[in-house]
Amino acid sequence: MEIALQNSSSVKKAENTVRLQGADLLKSYGQFLPKVSVSAGYTPLSVSRVYSNPASGSVLTTRNENVDLNLTTSLNLFNGFKDYASLQSAINLREASGFSLFRARQTIAYDVTQSYYQVLLDTELLKIARENLLSSQDQLQLTERQYEIGLKPVTDYYQQQAETANDELSVIRAENTLRSSTLELVRKLRIDHTEEVAVAEIPIDALTSLPSSVDPDSLVTLGLANRTDLQSAVFSTEAAKWDVTSASSQRYPTLDLAFSLNTLGYPYYETTAGNPHYPPLSDQLSDLLGYSLSITLNWTLFDGFLTRYNVEQAKVNYLNEELDTADLEHDIAIDIQLAVDNYSAAFTEIETAKQGLRAAEKAYETVKKKYDLGSAGFVEASTAKATLVSARSEYSQAIYNLALQKNILDFATGILTVE
């Protein structure tokens, strides 16, 4: 889990979403603060010409160099509660993204655990296949000696050869299945597929000691309270509700307060009439300082039904979010009920598989003794052996199925640990 959570791209994407929502929340807070801007300009040369005496045609030429500075600040006093609605929406989306991140981590832990148990199961099935092949090879040697001394017909020898070959194929298939499940685990861990992977085994007792009975009603209540994807959906729905208020704000006027401070100066000024004397630039900037204070009211009376469309779009999005949340809540209850049923059934499967394994072991031991003594045929012995192999496989699958179902149940109720 630790390796997967460190390398998972989906978790990193969810973390990036949380980071972005944090920036969006800060932006929403910033809408309540005044906007401040500063501008400065420098004109190294400016030339202008005007008639000083139109009747005589004389022209006055002016050349100057100037510097100007401007400071402007504005504060929105009212905009139909748009800023407040946007802030509430951002707060809810920030909470939703946090819950989505946690659910993404749970999903990774769930997927990795499923693949991990699958590798353990395939390892156990490979072990059974190899043990069965060794048993077939020993039986083939025994049958060959018995045939040579006349205790077994040649047909038994050939049939045992065919069965041994089939068992070899079973080993090859089991090896390939294990290789595939291991690579699938490596894929989910996002590690180098060329590295050797050693998967630690879990004692069977640790799997069979899980609680055998669970209360579906209490688990449904627990799941509805703990499923972070449901909590994320609730916050997203609330954010969509505030978006309706934000879209409706366009129907109201906006009121802005603005303050401007500006000054300018002429480091160099010359006309054809002479070079007038100007105070030093620093004195000019302070002496020519000007300012203005204004309040502006803007009200769009008709915008071609654009506001109406935006409001309807926000309402539809809000209604869809409500429907998605209700569907998710319903699906969670169904998923938990199914997980409870499968988890309870897994214990029954283990007991049934255990009884079948005991019976298959006793039957095989009996038939094998009879076959070795020549009182049972090959078909009877082969059938007993196949039944034993199948029973061992069924028991192993039942054990790991219980672990898989417990993992599914924890994921469905939202209590799956990611630490």
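Here a biologist and a modeller chat about a predicted model of one protein chain.

Biologist: How many helices and strands does the chain have, and which comes at its start?

Modeller: Let's walk along the sequence: the pattern runs α-α-β-β-α-α-α-α-α-β-α-β-α-α, so to speak the chain's own barcode. It opens with α. Tally up the secondary structure and you get ten helices and four strands.

Biologist: Compact globule or more spread out, and what is the radius of gyration?

Modeller: For 419 residues the globule rule gives 22 Å. The chain sits well over that, so it is more spread out than a compact globule. The C-alpha atoms fill a box of roughly 145 × 50 × 35 Å along the principal axes. As for the radius of gyration, it is 41 Å.

Biologist: What share of the residues counts as buried?

Modeller: Buried here means under 20% relative accessible area. The accessible surface of the whole chain is about 24600 Å², with 56% of it belonging to carbon and sulfur atoms. Out of the 419 residues, the buried share is 33%.

Biologist: How far apart are the mean positions of the positive and negative charges?

Modeller: The chain carries 34 positive and 53 negative charges. Take the mean position of each set, and the gap between the two is 2 Å.

Biologist: What does helix α10 reach from its first C-alpha to its last, and which residue follows it?

Modeller: Helix α10 covers residues 378–413, which is 36 residues. At 1.5 Å a residue you'd expect 52 Å, and its reach is close to that, at 52 Å. Next along comes a residue with a positive phi, near 80°: Gly-414.

Technical notes: Residues are numbered from 1 along each chain as its sequence is written. This is a predicted model: local features need pLDDT of at least 70, side-chain atom pairs count only at pLDDT 80 or more; totals for chains, interfaces and linings use all residues. Side-chain values use heavy atoms; hydrogens and water are left out. Helices (H or I, at least four residues) and strands (E, at least two) are DSSP runs, numbered from the N terminus. The radius of gyration is taken over C-alpha atoms; the globule rule is 2.2 Å times the number of residues to the power 0.38. Buried means under 20% relative accessible area, exposed over 50%, partly exposed in between (1.4 Å probe, protein chains only). Accessible areas come from the Shrake-Rupley method with a 1.4 Å probe; for residues, only the protein chains shown count as cover. Lys and Arg count as positive and Asp and Glu as negative; His and the chain ends are not counted. The place of a charge is taken as NZ of Lys, CZ of Arg, CG of Asp or CD of Glu. The expected span of a helix is 1.5 Å times one less than its number of residues.
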